[in-house]
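Colleague: I'm new to this structure and would love a close look at one part of it. Could you walk me through the aromatic rings and what lies around them?

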Amino acid sequence: MPAGGLRSPSPPRTPANDYYRADDDEAWVWTQIKAEARRDAESEPALASYLYSTILSHSSLERSLAFHLGNKLCSSTLLSTLLYDLFLNTFSSDPSLRAAAVADLRAARVRDPACISFSHCLLNYKGYLACQAHRVAHKLWTQSRRPLALALQSRISDVFAIDIHPAAKIGKGVLFDHATGVVIGETAVVGNNVSILHHVTLGGTGKALGDRHPKIGDGVLIGAGATILGNVNIGEGAKIGAGSVVLIDVPPRTTAVGNPARLVGGKETPVKHEEFPGESMDHTSFISEWSDYII
């Protein structure tokens, strides 16, 4: 340590340093996952073989994830070995996909009280698995390998009951909570640290072509059964209440509820919140200030 007890200044932030940080984070999470798997194998011998084949026999998170996805998504004509090679090659060659996979694990562990461990999410959360498989399908789409991307989308939909077009762009730190029935259209964009519950639709409004799907800002929370249609912007930190139907833009840090959706506090002076609901998972605090709420 330098004289005077002061720490050396951190090195300037660069893409290379970001990769080092991501690698450290991935290594830490992978160590936790292996420790959890060993613990669970000891406490539940019936799962020991399963945990060994999916986690403990692998040297890295990307190998474990590729193996697990390959077995989940294979069919009689789409072999698990082919899918394993596809997933592993894609994850291994793109550090951003690995960083996103780790960020999504952390999102589930922190935001979902039902998530008891990282390994539980990796093995059992179909929203997490569908999102990682989609990232590979999106990579294929951008490489103009569109028939394979669409075939993978179809298998994701069949197995996980989640339909995300491979062209859709999804950020990192995303939680698909429960995830059944989620539909995301071709030109949709989902930002970072977003939480989306089951039966949410980010869709179009008809047969229009071009840029026609919603754009979801960072830190947004979308409640169960919400429908957002058209090329509309949901501002960062906004909250969309369960069952709402949104057809126009929603300003940042506001709450939209109802069918058709309206802003809590009114269009002219909407109530604004400071936190990012996509991270806090606060679904209902607006009700105490919503004068029209009647039972």
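Modeller: Happy to: here is a tour of the aromatic pairs, followed by a charged neighbour of a ring and a pocket. Please keep in mind that this is a predicted model.

Searching the whole structure turns up 2 aromatic pairs. Let's begin with Trp-28 and Phe-118. Their ring centres are 6.0 Å apart and their planes meet at 85°, so this pair is edge-to-face; the cut-off for that label is an angle over 60 degrees. The pair links distant parts of the chain, as 90 residues separate the two. Trp-28 belongs to helix H1, which covers residues 15-43, and Phe-118 belongs to helix H6, residues 118-124.

How buried or exposed is each partner of this pair? Trp-28 has a relative accessible area of 41%, so it is partly exposed. Phe-118 has a relative accessibility of 7% and therefore counts as buried, since buried means under 20%.

The other pair is made by Phe-87 and Phe-91, and it is stacked. Here the distance is 6.5 Å centre to centre, with 25° between the planes. Both residues lie in helix H4, residues 80-93, and they are 4 residues apart, about one turn of the helix. Phe-87 and Phe-91 are both buried.

While you are looking at helix H4, find Asn-89, which lies in that helix too. Asn-89 has a relative accessible area of 51%, so it is exposed; the cut-off is over 50%. The C-alpha atoms of Asn-89 and Ala-66 are separated by 8.9 Å, and the two residues are 23 apart along the chain.

One more ring deserves a visit. The ring of Phe-276 has the charged end of Arg-253 sitting over it, 4.0 Å from the ring's centre.

Finally, let's turn from rings to empty space. The second largest pocket holds about 220 Å³. Its lining is made of 13 residues, and those nearest the pocket's centre are Ser-96, Leu-97, Ala-100, Arg-135 and Ile-170. Which elements give two or more residues to this lining? They are helix H5 (95-111), helix H7 (126-142) and strand E2 (169-170). Of these, H7 provides the largest share, 4 residues. Sorted by class, the lining of this pocket has 5 charged, 5 polar and 3 nonpolar residues.

How values were computed: Residues numbered from 1 in each chain as written. Predicted model: local features only at pLDDT ≥ 70, side-chain atom pairs only at ≥ 80, totals over all residues. Heavy atoms only, no water. Phe/Tyr/Trp six-rings, centres within 6.5 Å; stacked < 30°, edge-to-face > 60°. Buried < 20%, exposed > 50% of the residue type's maximum accessible area, 1.4 Å probe, protein only. Lys NZ or Arg CZ within 6 Å of the ring centre and 35° of its normal. 1 Å grid on protein atoms, 1.4 Å probe; cavity = no way out; pocket = protein on both sides within 12 Å on 5 of 7 lines; lining within 4 Å. Points joined across faces, edges and corners; volume = space filled by probe spheres on them. Nonpolar A, V, L, I, M, F, W, Y, C, P; charged D, E, K, R; others polar.
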